[in-house]
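Q: Please take a close look at a single part of this model and describe the setting around it in one connected account.

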Amino acid sequence: MITRRHFVSAAAGAAICARIPKARAAGYDLIVKGGRVIDPSVALDAVRDVAIAAGRIAAVEPNITGETAATIDARGKIVTPGLIDIHTHAARSKEGPPLALQDGVTGWVDAGSAGADNIDEMAAVARGAPQIGRLLVNIARTGVAPGGELMDLTRADVGLARGAVARHRDVVVGVKARLSANVAGANDLEALRRAQEAAAPFKLPVMIHVGQNYSPMRAILALLKRGDIVTHMYAPPPNSILDDQGRLFPEVTAARRRGILFDFGNGGGGHFNWDMVERATSQGFWPDTFSTDWNAMSRSNPGVVDFPNVMSKFLMFGMPMSQVIACATVNAARVFPAFDDRGTLNVGAPADVAVLELRQGMFEFLDNYNGKRNGNQRLFPVAAVMGGKAAPQRT
Ligand SMILES: [Zn+2]
């Protein structure tokens, strides 16, 4: 039995410490040292050390002096909670998730790559990922398909989608419906009704992909419930979030007030242009979350590259850094219960950390229409820690 007096004297005695395995002897497994820690979950923006032990955040303080098995030198860098990207296609190949982790992404959601017919493979990728990988099941049984998976409404099979959720309750966190005219034609509203029907018994959110829809935005938003997500929020007309005069539809702000979430959803084609971002943000309509619509090929797509590049686009539009980090961390963590306890560097939380570098200079950013804008700063991924373990660095 160890009394308190015994414990204190043992901790002070080097002879006894020497018998404790080395990594645990000093208390810390890893210290991320000297970075500017930006953790919007606790309104922190200050130079701090982040000490990690047993996979969890052990301390966030200036100048932590305890011994540690490993150190990441973050001086001159930004240290944030691990990034959470809620709209990706990371589950399409097992090569995707490790690449995303190198970019600081410690949690991702694959948004509807797969439907009931092909979700088993992607569920396996999610389970084998080095970070937290989750899936939205596409309401179309085929998943994303050339020619538009919802052109034939018989593919939106509620029973099959429910079966897919039931088979993979550990990794499926919602239902996805892509509602653009080139995906769903005139079937957008009925497809969305079916997505809600599939999600209802499991009380799961639905994420909709909007942009150039057949139906007006107000008719689509009317079918959403609290906690549902609109991705590609700045998709240009027809039937965008803005009216013909460029003003936000009142139904859009009303949807936000009743708990509908709006996600940026960078993507590659047709999902946003600078004009839409400018008009909407000038009316105060900013994203709740960012997301990349990333896949394993995105690094060579200059319009996407990586999550920190997408985040940097909003620095260019004047969003404060703490808010930019919030959209990629704590806000995203609150969308899905799978990320409870993540998106924060609070002491006791699992130690998921991103180290980013903010470089000053002239950087060109792309929208989905080859529109170019220049910004004077850009975030670059430097290092990631997942569950207390340093991830392999990007080369
Ligand atoms: Zn997508």
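A: In this predicted model, setting aside neighbours within four places in sequence, Ser-215 is in contact with Asp-188, Leu-189, Ile-220 and Asn-239. With one of these residues there is also a polar contact, made between the side chain of Ser-215 and the side chain of Asp-188 at 2.8 Å. Ser-215 itself lies in the loop between strand β10 and helix α9, the latter covering residues 217-221, and it counts as buried because its relative accessibility is 6%, where the cut-off for buried is under 20%.

The strand before this loop, β10 (residues 206-209), pairs in the parallel sense with β11 (residues 229-231) over three bridges, and within this part of the model His-209 stands opposite Thr-231 in β11. Both strands belong to an open sheet of seven strands, ordered β6-β7-β8-β9-β10-β11-β12, in which the pairing is parallel. The edges of the sheet are taken by β6 (83-88) and β12 (261-263), and because each has a single partner strand, one side of each is left without a neighbour in the sheet. From one strand to the next, the twist averages 25°.

Asp-188, the polar partner of Ser-215, also leads to helix α8, which spans residues 188-199 and holds Ala-198. Ala-198 is buried, since its relative accessible area is 0%, and, not counting residues up to four places away in sequence, Ala-198 touches Ile-139, Val-158, Ala-161, Arg-162 and Val-175. Of these contacts, Arg-162 is 36 residues from Ala-198 along the chain, while the C-alpha atoms of the two are separated by 5.4 Å.

Definitions and conventions: Residues numbered from 1 in each chain as written. Predicted model: local features only at pLDDT ≥ 70, side-chain atom pairs only at ≥ 80, totals over all residues. Heavy atoms only, no water. Pairing = 2+ DSSP bridges. Helix = DSSP H or I, 4+ residues; strand = E, 2+ residues; numbered from the N terminus. Axes fitted to C-alpha atoms, helices over the stretch in contact; angles between N-to-C directions. Buried < 20%, exposed > 50% of the residue type's maximum accessible area, 1.4 Å probe, protein only. Polar contact = N/O pair within 3.5 Å; in protein donor to acceptor, adjacent residues only side chain to side chain. Contact = heavy atoms within 4.5 Å.
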